[in-house]
Amino acid sequence: MTELNATEADAAVTRCPIAHGKAARVHGRLPLPPGPKGMPIVGVAPNIMRDPFGYLPKLVRRYGDIVTVPFPALRIILVSNTDYVSRVFNGDPDVYSHYHEIAEVAGMPGGPKPLPVLEGQQWKRHRGVMHKPFTERKLKAATPVITAALERAITAWDHMADTGEWIEMQHEIGIVTMSALMHSMFGGTWNDAQIADWVERTLEHGKLMARSMAIYPLFWRLPNGRQVYLHAPIPLLNRGRRNLQAMKRLVDDMIVARKANPTDSSDVLNQLLGATFDDGTTFTDEELRSEMITLLFAGFDTTAAVLSWTLGLLA
């Protein structure tokens, strides 16, 4: 494993079509960062499909913070060092764009693009509205809701004390994280079964995204390949697709219910329902659904993973 300085890191993450989920426009032919060779044609797609969450961390441990990952029809640059990731997300927009077709079809196929894959003026338009629920003042107002949800979830751990049994902490942390997210994003009251259901749905969506990124490039060279991919029955994706449709219906129902019965809650749904763009327009229901599911997945996946690893390393 080798350490890269800032200049080398900048060069490394501009050598390939995708860097940590963002497209990078390639400037010249430069050597790619180290990484696995993969299998002919399919690259490491079979490895990703077998172990969607574990394979990439294995590559980082073996090759370092910047890894070339061969996929069907393209290579991906995996960037795991937080300083390098910051360079990608906050760097020159002429080098790094937000959008890549893979990110769209993997994350929210068949619906409006959420903020992370928007570009240019459209990105600025949505970003100006989307940041408002997450200002320091708004987050401070949401703290009691989040704290209460965390306390309720953690209290459920009492029965595990002094049992001597092994506990699957990622699952338990997932329950705690999801409880805080659902109460702060959608308000209302959520029972244990509902929270557990959303944990499973969100994890399944993560698997769909990982598998889609591995499979979709196989369709690029086909005539009308995007539409073929979106509508073809693909066994490895069918369960995830059904799950995503169910998530969309559930969020749609919550949007409809909130519009029919407004509240004065400070939750994220209320704030985005009341948000207006500079031209006076508001989110469509489809745009709102897309943003809420994206926020839910992003908030759950990162928070649960970090807390699980933290507790695991402290144990």
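Here are some notes on this predicted model, point by point.

1. Start with the overall picture. The protein has 315 residues, and 43% of them count as buried. Its secondary structure comes to 13 helices and 5 strands. Now take the contacts between residues at least 6 apart in sequence: 67% of these join residues at least 24 apart.

2. Next, the inside. The largest nonpolar core has 31 residues. Met178, Met182, Phe186, Trp198, Val251, Leu272 and Met292 are the ones with the most contacts inside this core. Which helices each supply at least two of the core's residues? They are H6 (120–130), H8 (169–186), H9 (192–215), H11 (235–260), H12 (268–273) and H13 (285–314). H8 gives the largest share of this core, with 7 residues. As background, nonpolar side chains tend to be buried together in soluble globular proteins.

3. Phe186 is a good residue to click on, being among those with the most contacts inside the largest core. Leaving out residues up to four places away in sequence, Phe186 touches Leu181, Val251, Met254, Arg258, Asp267, Leu269 and Met292. Apart from the largest core lies another one, of 25 residues, and its members include Ile48, Ile76, Leu208 and Phe219.

4. Now look for aromatic pairs. How many does a search of the whole structure find? It finds 1. The partners are Phe277 and Phe283, with ring centres 5.1 Å apart and planes at 70°, so the pair is edge-to-face. The cut-off behind that label is an angle over 60 degrees. Phe277 counts as buried because its relative accessibility is 5%, and Phe283, with a relative accessible area of 8%, is buried too. Phe277 has a charged visitor as well: Arg125 lies over the face of its ring, at 3.6 Å from the ring centre.

5. Is Glu204 buried or exposed? This residue has its place in helix H9. Glu204 counts as buried because its relative accessibility is 10%, and the cut-off for buried is under 20%. To see what surrounds Glu204, skip residues up to four places away in sequence: its contacts are then Arg211, Arg239, Gly240 and Asn243.

6. Strand E3 covers residues 66–71, and 6 of its 6 residues are buried. Both faces are covered: Ile66, Thr68 and Pro70 are buried on one side, while Val67, Val69 and Phe71 are buried on the other. E3 and strand E4 (residues 74–79) run antiparallel and are joined by 6 bridges. To find your way across the pair, look for Val67, which stands opposite Leu78 in E4.

7. Finish with helix H3, residues 55–63, where Tyr55, Leu59, Val60 and Tyr63 are buried. Why do these residues count as being on the same side of H3? They cover an arc of only 145° around the axis, so they share one side of H3. The buried residues of H3 pack against helix H2 (45–50), E3 and E4. After H3 comes Gly64, which has a positive phi, near 115°.

Note on methods: Residues are numbered from 1 along each chain as its sequence is written. This is a predicted model: local features need pLDDT of at least 70, side-chain atom pairs count only at pLDDT 80 or more; totals for chains, interfaces and linings use all residues. Side-chain values use heavy atoms; hydrogens and water are left out. Rings of Phe, Tyr and Trp (its six-membered ring) pair if their centres lie within 6.5 Å; planes under 30 degrees apart count as stacked, over 60 as edge-to-face and the rest as tilted. Buried means under 20% relative accessible area, exposed over 50%, partly exposed in between (1.4 Å probe, protein chains only). A charge sits over a ring if NZ of Lys or CZ of Arg is within 6 Å of the ring centre and within 35 degrees of the ring normal. Helices (H or I, at least four residues) and strands (E, at least two) are DSSP runs, numbered from the N terminus. Two strands pair if DSSP finds at least two bridges between them. A nonpolar core is a set of buried Ala, Val, Leu, Ile, Met, Phe, Trp, Tyr and Cys residues joined through side-chain atoms within 4.5 Å. Contact means heavy atoms within 4.5 Å. The arc is that of the directions from the helix axis to the C-beta atoms.
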